[in-house]
Amino acid sequence: METVLLVVIAVVALLYFLFFRNRPTTRREESTAAGAARALRDESRARPGAQPKQGAQPIKPGERRSPSASTRDLDEVEALSERPGTNDKLSSDAGAPGIAADARGKAALDKRRPTEAAPPSRGADVQVLRRGLARSRESGGVFGKLKALFEGRREIDASLAREIEEVLLSSDVGATTTQTILARLRDSLDRGELDSADAVWKALRQEAVRMLEVNGQPHAIGRGLEVRHPPAVVLFVGVNGAGKTTTIGKLATQLQAAGKKCVLAAGDTFRAAAVQQLVIWGKRVGCEVVHGKDGADPGSVLFEAIKKAEEVGADVVLADTAGRLHTKANLMSEMQKIARSAGKALNGAPHETFLVIDSTNGQNALAQAREFKDALSVSGIILTKLDGTAKGGVVLGICDSLRLPVRFVGMGEGPDDLHEFVPQRFVDALLGDEGAGR
């Protein structure tokens, strides 16, 4: 009897030991893993400027990424640590500071993360531009006024041409460009080719695309900035307030994200705030900024920037310039001197000269463009602040009058609000894909 009792006690003790021995260990592992994840998350939030961990995916041009992505990853680690059955995956690194999970934990997280987004389609690009041109598409903008002419219209006669003329002139298209458009429309009307409002609307859009395709170059996929032989030297000119410095910062952000190394030249030495602003952009983007003392010679600053670019193996030099001197003659003379300094530092430089124009200036912008074109070899135009005007037709006037291609358009404050200019997409965004009355 005593033997049986001892056997029963031994069996009960063995079952108790086997059933309950893992409970304290599991709780400790859960607590340690969760605590490590929370500590990592707090450390990440306390250091917002910290570099991403090795193996992180780089941000591509135009890609938006939430600043709290790393925090979400740590939240996922913490959630996994609290989920039954995952403690054995996290416990090995739970007590090590700075490590969220081991290789198996990281693999589990990678499976949960969404794949890379596909490049934006043409339709998506048009929709982005259309949002930026919202003011021009409202009832008081060029699109809204033109659309109002065609809605419910059944008869096409000479009065329609006069009404179109009024809208174009009030939208800063310019008298010469307006007359060119109307002459082509009247010829088609006289030949009986435009027998409906839809046909007139389509012809108007086709004429707009033709004007924007300077020298017959459609730029079907956008030209933007081409870097053939680094370092490519790009000179940004324009009056004060046009947005040169901000545009340089945006373009540098996009180029760096695309794998192009940039050097910024703070050539607007007559305005201390411009140098400081460019330095801030350089720190934000990770570009080296070459600048001199207040009032330093802009040509020497650009010269040194080009030499620095050659030294560090940079792909692009983006050079800021002054926009206001005592007289227009002095300004243009200074721009020519800067261009010569670039040529001395590197044969063929500057390779591009971009004229930055504030599109809200309307016809004044066209007058400014003529002055700079007469003094410099301007290779392209960057139109800024298009989101702040209802007169988007100024683009037509500039391209038609000066025969200079628009290379970029700015429609906001963020780096991804600078867009390569593609004529067909711009017209689709401004005048819409829809026909008259739709």
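A salt bridge is a side-chain nitrogen of Lys or Arg within 4 Å of a carboxyl oxygen of Asp or Glu. The legends below refer to a predicted model.

**Figure 1. Salt bridge between R403 and D400.** The side chains of R403 and D400 meet with an N to O distance of 4.0 Å. R403 is partly exposed, at a relative accessible area of 34%. D400, in contrast, counts as buried because its relative accessible area is 16%, and buried means under 20%. Elsewhere, R184, E207 and R210 are joined into one network by salt bridges that share partners. The count of salt bridges comes to 14.

**Figure 2. Salt bridge between strands β7 and β5.** R407 and E352 form a salt bridge through their side chains, at 2.8 Å from N to O. R407 belongs to strand β7 (residues 406-410) and E352 to strand β5, so the pair ties together parts that are 55 residues apart in sequence. Both partners, R407 and E352, are buried.

**Figure 3. Salt bridge between K385 and D358.** The closest N and O atoms of K385 and D358 are 3.4 Å apart. This pair links distant parts of the chain, 27 residues apart: K385 is in the loop between β6 (380-384) and α17 (394-402), while D358 is in strand β5. K385 is partly exposed, with a relative accessible area of 35%, whereas D358 counts as buried at 8% relative accessibility.

**Figure 4. Surroundings of S359.** S359 is found in the loop between β5 (352-358) and α16 (363-375). With a relative accessible area of 2%, S359 is buried. When its neighbours within four places in sequence are left aside, the contacts of S359 are L383, T384, K385, L386, T389 and V394. One of these, K385, is also the salt-bridge partner of D358.

**Figure 5. Helix α14 and its buried side.** Helix α14 (residues 298-312) has 15 residues, and its end C-alpha atoms are 21 Å apart, in agreement with the 21 Å span expected at 1.5 Å a residue. The buried residues of α14 are P298, G299, V301, L302, A305, I306 and A309. They cover an arc of only 160° around the axis, and therefore lie on the same side of α14. These residues pack against β1 (232-237), β2 (262-266), β3 (288-290), β4 (316-320) and α15 (328-345). Just after α14, G313 takes a positive phi of about 75°.

**Figure 6. Packing of helix α8.** In helix α8 (residues 142-150), the buried residues are V142, F143, G144, L146, L149 and F150. Among the elements that cover them are α7 (134-137), α9 (158-170), α11 (197-212) and α18 (423-431).

**Figure 7. Nonpolar surface patch at V4, V8 and V12.** V4, V8 and V12 make a nonpolar surface patch of about 260 Å². V12 is located in helix α1 (residues 2-20) and is exposed, with a relative accessible area of 52%.

**Figure 8. Overview of the chain for orientation.** The chain contains 18 helices and 8 strands. Of its 438 residues, 45% are buried. Among contacts with a separation of 6 or more, 76% are between residues 24 or more positions apart. The chain exposes about 22,800 Å², of which carbon and sulfur atoms supply 52%.

Definitions and conventions:
Residues are numbered from 1 along each chain as its sequence is written. This is a predicted model: local features need pLDDT of at least 70, side-chain atom pairs count only at pLDDT 80 or more; totals for chains, interfaces and linings use all residues. Side-chain values use heavy atoms; hydrogens and water are left out. Helices (H or I, at least four residues) and strands (E, at least two) are DSSP runs, numbered from the N terminus. Buried means under 20% relative accessible area, exposed over 50%, partly exposed in between (1.4 Å probe, protein chains only). Contact means heavy atoms within 4.5 Å. Accessible areas come from the Shrake-Rupley method with a 1.4 Å probe; for residues, only the protein chains shown count as cover. Patches are made of residues with over 30% relative accessible area and no salt bridge: like charges are joined within 9 Å, nonpolar side chains (Val, Leu, Ile, Met, Phe, Trp, Tyr) within 5 Å. The expected span of a helix is 1.5 Å times one less than its number of residues. The arc is that of the directions from the helix axis to the C-beta atoms.
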